[in-house]
Amino acid sequence: MTLPTESPAAASAVDPARWFRRPPRGSHPRVRLVCFPHAGGAASLFRDWSEELPGGIEVLAVRLPARQDRFREPPVERMAELADLIAEALRPYLDLPYAFFGHSLGSDIAYEVARRLERRHGHGPQRLFVSGAAAPHVGEPVDIGDYDDPALIAEIQRLGAPGTELLDEPELAALLLPSLRADYRLSAAYRPALADLDVLRAPITALIGNHDPLVPVPEALTWAQLTSGGFNHRVYPGGHFYLERHRRALLRLIQAVLLPS
C-alpha cells in the first residue's frame, strides 16, 4: 500500500525539541517509549511516567501544536501532515529500540507514524500499545459539529478526561476548546478503509476499559487486523480513561513487555 506523498511542511526542517518532552538526562535507557495523547490532550498526561518506569525506559511525550507551551501555534488538522511531521521529528531518536503508546486519537496517530517509519526507514517500533481505541477502519467518529461549548464540555467531562475541571473556568476553556475541536475534526476526517491501511510488522497490544462508552471491547480487538507481528490485549475495569485509575498496573505491563526479565 502506497503512503500519501510527504507534505511540504514535513519535508522542511523539523525541530525535535518542539515535538517531544524528554526527561532530564542521567539514566542510560535501553528503549524509548513514545507517548501520544488523546484528543485535546497534551504531553503532561505522561508527566509521571518517567518517574514510575525504570531508568531503562526513556519516555518521549509528544507535544502537539495548539496546546500548553505550543498554544500559540495553529493545530494540524490533517492526519497525513501530522504523522509526517512527527515521523520526521523522531529521526534523531531512532538510535535505540523504541515502542509507541497512544491513547484514543493518539492510537491512530501512533499507527500512522509507525507505518511511515516502517516504510521510509526500514524499521518501526518494537511494539505498538493502542489504548481506548478501535482500529482506524472501525467505528464512527464522535460528531461534534452541532455541539456548542457547554455541550462539548459536558461530553468531555462525561468521559472523565484528566484536567477537565479546567473547562469550568471560562478563560481557560477559551484557551483549551479550540485545540479540542481541532482534534475532533482531525479524527472525523480520518476514516480510512481497511484496504488503504498497512499491516504493520510491529506487534500490537490493545488496552481498553470494560465500560468504555466510546469503544466496546470487540472494536478494540480489531487492531489484530493491522499487524503480522502478533496481537494481544488487556481489559481493565473502567471507562474511556481507565488508565488514570490503573496507571500503575498499566506501567507494570509496559515494563514487562519492553524490559522482560
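Start by selecting Val34 and Leu60: Val34 stands opposite Leu60 in strand β3. Before you go on, note that this is a predicted model, where local features need pLDDT of at least 70, side-chain atom pairs count only at pLDDT 80 or more, and totals for chains, interfaces and linings use all residues. Residues are numbered from 1 along each chain as its sequence is written, and side-chain values use heavy atoms, with hydrogens and water left out.

**Stop 1: strand β3 and its partners**

Select residues 57–62 to see β3, which pairs with strand β2 (residues 31–36) in the parallel sense over five bridges. Strands and helices here are DSSP runs numbered from the N terminus (strands are E, at least two residues; helices are H or I, at least four), and two strands pair if DSSP finds at least two bridges between them. Add Val31 to your selection, and you will find its bridge partner in β3, Ile57.

Now look towards β1. Two bridges join β1 to β3, and these strands run antiparallel. To see one such link, pick Arg21, whose bridge partner in β3 is Ala61.

Which residues point each way from β3? Ile57, Val59 and Ala61 point one way, while Glu58, Leu60 and Val62 point the other, and all are buried. Buried means under 20% relative accessible area, exposed means over 50%, and partly exposed is in between (1.4 Å probe, protein chains only). In a regular strand the side chains alternate between the two faces of the sheet.

**Stop 2: the whole sheet**

Show the strands together. They form an open sheet of seven strands in the order β1-β3-β2-β4-β5-β6-β7, with mixed pairing. β1 (20–21) and β7 stand at the edges with a single partner strand each, so one side of each has no neighbour in the sheet.

**Stop 3: strand β5**

Next, select residues 128–131. Both faces of β5 are covered: Leu128 and Val130 lie on one side, Phe129 and Ser131 on the other, and all are buried. On one flank, strand β4 (residues 98–103) pairs with β5 in the parallel sense over four bridges. Click Phe101, and its bridge partner in β5 is Phe129. To get from β4 to β5, the chain passes through helix α5 (residues 105–121), and this β-α-β crossover is right-handed. Right-handed means that, with the strands pointing away from the viewer, the path from the first strand over the helix to the second runs clockwise.

β5 is also joined by four bridges to strand β6 (residues 204–209), and the two run parallel. Here Ser131 stands opposite Leu207 in β6.

**Stop 4: helix α5 and the loop before it**

Keep α5 on screen. The helix lies across β2, β4 and β5, running at about 150° to β4. Axes are lines fitted to C-alpha atoms, for helices over the stretch in contact, and angles run from 0 to 180 degrees between N-to-C directions. Contact means heavy atoms within 4.5 Å.

In the loop between β4 and α5, select Ser104. Phi of Ser104 is near 60°, a positive value in a residue other than glycine. Is Ser104 buried or exposed? Ser104 is buried, with a relative accessible area of 16%.

Another residue to compare is Gln68, in the loop between β3 and α4 (79–89). Its phi is near 50°, again positive in a residue other than glycine, and at 36% relative accessibility Gln68 counts as partly exposed.

**Stop 5: two packed helices**

Select helix α6 (residues 149–159) and helix α7 (residues 170–189), which pack at an angle of about 75° with their axes 11 Å apart. That makes α6 roughly perpendicular to α7 (the word covers angles of 65 to 115 degrees). The contact uses Asp149, Leu152, Ile153, Ile156 and Leu159 of α6, and Ala173, Leu177, Leu180, Arg181 and Tyr184 of α7.

**Stop 6: Leu258**

Finish in helix α10 (residues 247–258), where Leu258 lies. Leu258 is buried, with a relative accessible area of 8%. Leaving aside neighbours within four places in sequence, Leu258 is in contact with Val31, Leu33, Ile57, Ala99 and Phe129. Add Arg127 as well: Leu258 and Arg127 are 131 residues apart in sequence and 8.4 Å apart in space, C-alpha to C-alpha.

Methods:
Parallel < 35°, antiparallel > 145°, perpendicular 65-115°, else oblique.
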